[in-house]
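Open the structure in your viewer and keep the sequence panel beside it. We will move from one selection to the next, with a short account of what is there at each stop.

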Amino acid sequence: MPASDALRNALQVFIHDLRAPISVAQGYLRLILEHRLPDAEARDRALAQTMESLARLTGLCDDASEFLTVHESTRPSRAPLPLARLMGALRAALAQRGAAAEIEMPADGWILRVAQPDVVATRILTILELSRRHQAGGDAVVRITPRDGSLCILTGTPRQCDVLLVEAPAEIDRWRGGLGLKLALACLDVERHGGRVWTTATAWPGLGVTLPMEWETA
């Protein structure tokens, strides 16, 4: 995608996501200013909701700033990282979210070149969340396995995960799905590390993420 298109899409998502918390904050402040709340408890709730909306605005601005930084940066400086470091971060993140995972560890000697494994693990979990939101049933799994010199992370039903490996890949729509700029940022950062995010015509809402591995040479 051309850089100008990516920035245009990011700006559209950012503006769209700003509207809701701004509207909520304005609505509660209007109630307070017009003395339309029945008591002090109601006013306290309104102020708390206003503060939550303002915090949401701060978070959206942080996401936009981070997206711009990653978008404009060159490929990150990446020292060799034992694969176990990223796998550990992924295991911890998946366990925290209560996600079932099938993990096949690559042989010792494989490395990744990832600048910040905890950050990359968070990016991957954001992408997997898109699939979870669109799954109708509760039988989705996460499969992590080495494949063709890459670390391959698949999510979806068992059938969807199988299909992801045999059908022609298709891009996901990183600008929709209710995750705001976090999804676009996650995809961008995976690609910046030489990876890929994809689905297929019949695997959706299953999707996959890969990161390139290297064989460590002494």
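Which residue caps the N-terminal end of α2, and which backbone nitrogen does its side-chain oxygen lie 3.2 Å from? Keep in mind, as you look, that this is a predicted model. Select aspartate 39, which is the capping residue, and then glutamate 41, whose backbone nitrogen lies 3.2 Å from a side-chain oxygen of aspartate 39.

**Along helix α2**

Now extend the selection to residues 40-72, which make up helix α2. At 1.5 Å a residue, its 33 residues should span 48 Å, and the C-alpha atoms at its ends are indeed 48 Å apart, so the expected and the computed span agree. Next, colour Ala42, Ala46, Thr50, Ser53, Leu57, Leu60, Asp63, Phe67 and Val70, the residues of α2 that are buried. The spacing of such a list can be read with one general rule: an α-helix has 3.6 residues a turn, so residues three or four places apart point the same way. To see what covers the buried residues of α2, show the elements around them, which include α1 (3-33), α4 and α6 (181-192).

**The sheet**

Turn next to the sheet, an open one in which 5 strands are arranged in the order β2-β4-β5-β7-β6 with mixed pairing. At its edges you will find β2 (101-103) and β6 (196-198), each of which pairs on one side only, and from one strand to the next the twist averages 15°.

Select β4 (residues 141-147) together with β5 (residues 150-156), which run antiparallel and are joined by 7 bridges. Among the pairs to look for, arginine 147 has serine 150 of β5 as its bridge partner, while threonine 145 is partnered by cysteine 152 of β5. Between these two strands the hairpin has 2 residues, and there aspartate 148 takes a positive phi near 50°.

On its pairing with β2, β4 runs in the parallel sense over 3 bridges, and here glutamate 102 has arginine 143 of β4 as its bridge partner. Because 5 of the 7 residues of β4 are buried, this strand is largely enclosed by the rest of the structure.

**Helices on the sheet**

Finally, select helix α3 (residues 83-96), which packs on the sheet and touches β2, β4, β5 and β7 (207-212), with a direction at about 175° to that of β4. Then add helix α4 (residues 117-134), which lies across β4, β5, β6 and β7 and runs at about 160° to β7.

Note on methods
Residues numbered from 1 in each chain as written. Predicted model: local features only at pLDDT ≥ 70, side-chain atom pairs only at ≥ 80, totals over all residues. Heavy atoms only, no water. Pairing = 2+ DSSP bridges. Helix = DSSP H or I, 4+ residues; strand = E, 2+ residues; numbered from the N terminus. Axes fitted to C-alpha atoms, helices over the stretch in contact; angles between N-to-C directions. Contact = heavy atoms within 4.5 Å. Expected span 1.5 Å × (residues − 1). Buried < 20%, exposed > 50% of the residue type's maximum accessible area, 1.4 Å probe, protein only. Polar contact = N/O pair within 3.5 Å; in protein donor to acceptor, adjacent residues only side chain to side chain.
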